[in-house]
Amino acid sequence: MANEKRKKLTPVQQEYHLFEKARETKRPVVKNCFRAFLVGGFICMVGQAISYFYMYFFDFTEQTVGNPTVATMVFISMILTGFGVYDRIAQFAGAGSAVPVTGFGNAVISAAIEHRTEGFVLGVGSNMFKLAGSVILFGTFAAFVVALVKTIATQWGGL
Amino acid sequence: MNMRKWLLIALAIVMVMGGCAKEKGVKQQSMQGTNLIRTNTDGTAKRASIDQRPAERAVAYVRSRDDIKDAVAVNTRKKLLVAYQIKHMDRFYRKQIEKEIHDHLKRLFPDYQIISSSDLKIFWKTKELVDNLENKKWDETKTNKQIQKIKRLSEDSA
Amino acid sequence: MLATFFWAFVVGGLICVIGQILMDVFKLTPAHTLTILVVAGAILDGFGLYEPLIDFAGAGATIPITSFGNSLVHGALQEADRHGIIGVLTGMFEVTSAGISAAIVFGFIGALLFRPKG
């Protein structure tokens, strides 16, 4: 809580604040990290299995298998989100389920499902990227800058 | 209640994973079996109708490198197709290794068009081709066509 | 092949741990965390470091959101190679399209199929 805000509180409130702070559960960082590691690693391993599947049965190479794998993972994420399973995984895993593309898919898909009652254009259409929009925006802009700098450096800087 | 549901979901995922993994393992095993029968472990087709000595030399060179796990090769009169697997800890340097091997092969076989790749898919495909040659199922035109196909596949980038 | 699974697990897990640390220790929201990771992926690819990681860890590097930034840069650079500086703009989504288009398509299908809960 900000300092100026605290000054406005009555003494009783301040007392309560200290009381609350002392009893606030500390975030179990190590435990959370361990869970994130396990679940995140597991999701990536599933992804690896899917990419081997595509390589074995279809004409995808190690270089090209990424796209169908990502699409499949997002599909799985849709199913899990639709049945409400993904939210439970997220409760347990934290970043372990948010960082893989399935988390990105979950953000888009859950927003789409949630706003369905507001209609498909105004609800689903305009709210779909509410959460994922920032990822796309900053990802795209950062990529633009990086690629621009690199292109200029290699073409005119003779790097 | 919550916990039990959780366990059920986890169990389901593990089961699906297990099922898929097992299938794959079995498939691989059976593939290994056929390889034992049909081909020797040299990575080239010894009994093919086309002279495979260049391919043998290429495999010998690639295998002599200590960052390579396995290699297979096929050649026709004009083309030499080499596929290999890089040891896992050296995969960070895949690009350099690929370039080194490609350049070296070019120097070793100036008369051949070299196609080389470290890709696992290309490795599988080349191995299949070696098996087909070994069993004398395939003649040169067919082999050339397949090599061309593999080449196009290897040039696909993400 | 087993080694690939192992390293996919470890590398993918570690990237998630970085995300968890950003969320827990630096008290960032998930949206901020993901944004930082995407930008980090783009920058790493700028230095040519992300591609070797993919070679090494396979899906462990392509599944985390960091690869989104990486593939954006990759598409842009590929096009820039072919068409010069304007390619940076036109090629951006060349490689990445899979993730986003899948999310859009499946998101909409999901909205058609499933009903919001509670």
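This is a short talk on helix packing and nonpolar cores in a predicted model.

Let me start where chain A meets chain C. Look at helix 9 of chain A, residues 133-155, and helix 5 of chain C, residues 66-83. Their axes come within 8 Å. They cross at roughly 40°. Angles of 35 to 65 degrees count as oblique, so helix 9 of chain A and helix 5 of chain C are oblique to each other. The crossing of these two helices is right-handed.

Who touches whom? On the chain A side, helix 9 brings a list of residues that includes A:Val135, A:Ile136, A:Gly139, A:Thr140, A:Ala143 and A:Lys150. On the chain C side, helix 5 answers with C:Phe68, C:Gly69, C:Leu72, C:Val73, C:Ala76, C:Leu77 and C:Ala80. By class, the residues of this contact are 11 nonpolar, five polar and one charged.

Next, a helix pair inside chain A. Helix 3 of chain A and helix 5 of chain A, residues 85-93, have axes that come within 8 Å. The angle here is roughly 135°. That makes helix 3 of chain A oblique to helix 5 of chain A. Helix 3 of chain A contributes A:Arg35, A:Ala36, A:Val39 and A:Ile43. Helix 5 of chain A contributes A:Tyr86, A:Ile89, A:Phe92 and A:Ala93. The tally for this contact is seven nonpolar, no polar and one charged.

Now the cores. In soluble globular proteins, nonpolar side chains tend to be buried together. How many residues does the largest nonpolar core have here? It has 85. The residues with the most contacts inside it are A:Val99, A:Phe104, C:Ile65 and C:Phe68. Helix 3 of chain A, residues 29-57, supplies the largest share of this core, at 10 residues.

Take C:Ile65. Set aside its neighbours within four places in sequence. In chain A, C:Ile65 is in contact with A:Val99, A:Pro100, A:Val101, A:Phe104 and A:Val135. In chain C, C:Ile65 is in contact with C:Leu34, C:Leu37 and C:Val38. There is also a second, separate core, of 17 residues. Among its members are B:Ala58, B:Val59, B:Leu80 and B:Ile86.

That brings us to chain B. Its secondary structure comes to five helices and three strands. Along the sequence, the pattern of chain B is α-α-β-β-α-β-α-α. Chain B has 158 residues, and 41% of them count as buried. Last number: take contacts in chain B between residues at least 6 apart in sequence, and 61% of those join residues at least 24 apart.

Key: Residues numbered from 1 in each chain as written. Chains lettered and ligands numbered in written order. Predicted model: local features only at pLDDT ≥ 70, side-chain atom pairs only at ≥ 80, totals over all residues. Heavy atoms only, no water. Axes fitted to C-alpha atoms, helices over the stretch in contact; angles between N-to-C directions. Helix = DSSP H or I, 4+ residues; strand = E, 2+ residues; numbered from the N terminus. Parallel < 35°, antiparallel > 145°, perpendicular 65-115°, else oblique. Left-handed = near helix turned anticlockwise from the far one by under 90°. Contact = heavy atoms within 4.5 Å. Nonpolar A, V, L, I, M, F, W, Y, C, P; charged D, E, K, R; others polar. Core = buried A, V, L, I, M, F, W, Y, C linked by side-chain atoms within 4.5 Å. Buried < 20%, exposed > 50% of the residue type's maximum accessible area, 1.4 Å probe, protein only.
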